[in-house]
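Open the model in your viewer and keep the selection tool at hand. Each stop tells you what to pick and what you will find there.

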Amino acid sequence: MNGGGGKFQFAQDFSRGHFTAGLGDLDHDGDLDIYFAGNQAIFENNGKGFFKRVPVAGLTGVGANPRAVSLVDIDNDGDLDFAVASKRGPNTMFRNNLNDDNWLQVELRSPRGEAGAFGARVYVYDAGHLDDPKRLKGLREAQSANGYCAQNSPVLHFGLKAGASYDLEVRFLDGTTVTRPGVQTTQRILVDGRNL
């Protein structure tokens, strides 16, 4: 755990043998959970940075030597599904059937028009509290890769309580900043850095 001032404290370890982890809000409670390639459980974040192993039915059939996890909403129902790439066997897709309204997805285009705007950061705050760190609800960075042999969806995913409004701030790599006040959940929005 980062205690600030360049000091860290041991918090938790996980069983050995995992190659790559996928981090995403799999249960829409606002924090990042972990799935390790080939595991038959998800590690749920308790909101304080500690993780509980939760076995999940159906996380079987992964090929030999699983290497990577990619998170993506493959069926466009608002929750994160994931794929596992295996070195010596078939790749496997797992569908998440959470199906609630507690989510927001943000698709990015950079000021130069690149899809995904890799390197950009999206900050989500309670409405009316833009740039207040105490009211920050989520932060995601658009990344072109996730570990070894994987890439998450370029659409950034947030678990957020439905029925509330949120203010978004997108900081692109070239310094361009775009804000979107009063955004509602249960939708995918496009933030295009070319349209200021």
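**Stop 1: a sheet of four strands**

This model is predicted. Select β12, β11, β14 and β15, in that order. They form an open sheet of four strands with antiparallel pairing. Which strands stand at the edges? They are β12 and β15 (177–184), and each of them pairs on one side only. Turn the view and follow the twist. From one strand to the next, the twist averages 15°.

Now keep just β11 and β12. These two strands pair in the antiparallel sense over five bridges. Strands of a sheet pair through backbone hydrogen bonds, either parallel or antiparallel. Pick V124 and look across to β12. Its bridge partner there is G138.

**Stop 2: a sheet of three strands**

Select β13, β10 and β16. Three strands form an open sheet here, in the order β13-β10-β16. The pairing is mixed. Why is one side of β13 and of β16 left without a neighbour in the sheet? β13 and β16 (187–192) stand at the edges and have a single partner strand each, so one side of each stays without a neighbour. Neighbouring strands of this sheet are turned against each other by 25° on average, direction ignored.

Zoom in on β10, residues 103–109. β10 pairs with β13 in the antiparallel sense, over four bridges. Select V106 to see who faces it. Opposite V106 stands L156, in β13.

**Stop 3: the largest pocket**

Next, look for empty space. Rolling a probe the size of a water molecule over the atoms shows where such space is left. The largest pocket holds about 410 Å³ of space. How many residues line the largest pocket? There are 20, and the closest to its centre are L23, R140, E141, Q143 and N152. Select those five, then colour the strands around them. β3 (21–24), β7 (64–72), β12 (136–141) and β13 (156–159) each supply at least two residues of the lining. The largest share, three residues, comes from β12. You met that strand at the edge of the sheet of four. Try colouring the lining by class. Eleven of its residues are nonpolar, six are polar and three are charged.

**Stop 4: the second largest pocket**

Move on to the second largest pocket, with about 270 Å³ of space. It is lined by 17 residues. Closest to its centre are L26, I42, V56, N96 and N97. By class, the lining has ten nonpolar, three polar and four charged residues.

Stay with N96. It lies in the loop between β9 (92–94) and β10. Is N96 buried or exposed? Its relative accessibility is 16%, so N96 counts as buried; the cut-off for buried is under 20%. Now add D73 to the selection. D73 and N96 are 23 residues apart along the chain. Their C-alpha atoms are separated by 8.6 Å.

**Stop 5: aromatic rings**

Show the aromatic side chains. The whole structure has six aromatic pairs. A pair of aromatic rings is described by the distance of the centres and the angle of the planes. Select F14 and F43 to try this out. The centres of their rings are 5.1 Å apart and the planes stand at 85°, so the pair is edge-to-face; planes over 60 degrees apart count as such.

Where in the chain are these two residues? F14 is in the loop between β2 (7–8) and β3, while F43 is in strand β5, residues 41–45. The pair therefore ties together parts that are 29 residues apart in sequence. F43 counts as buried, at 6% relative accessibility. Add F36 and F51 to the selection. Together with F14 and F43, they form one aromatic cluster.

**Stop 6: two positive phi angles**

Finish with the backbone. Most residues other than glycine have a negative phi. Select N76, in the loop between β7 and β8 (81–88). N76 is not a glycine, yet its phi is positive, about 55°. Then select A117, in the loop between β10 and β11 (121–126). A117 is not a glycine either, and has a positive phi of about 45°.

Which of the two is buried, and which is exposed? N76 is exposed, with a relative accessible area of 56%. A117 counts as buried, at 5% relative accessibility.

Key: Residues numbered from 1 in each chain as written. Predicted model: local features only at pLDDT ≥ 70, side-chain atom pairs only at ≥ 80, totals over all residues. Heavy atoms only, no water. 1 Å grid on protein atoms, 1.4 Å probe; cavity = no way out; pocket = protein on both sides within 12 Å on 5 of 7 lines; lining within 4 Å. Points joined across faces, edges and corners; volume = space filled by probe spheres on them. Nonpolar A, V, L, I, M, F, W, Y, C, P; charged D, E, K, R; others polar. Pairing = 2+ DSSP bridges. Axes fitted to C-alpha atoms, helices over the stretch in contact; angles between N-to-C directions. Phe/Tyr/Trp six-rings, centres within 6.5 Å; stacked < 30°, edge-to-face > 60°. Buried < 20%, exposed > 50% of the residue type's maximum accessible area, 1.4 Å probe, protein only.
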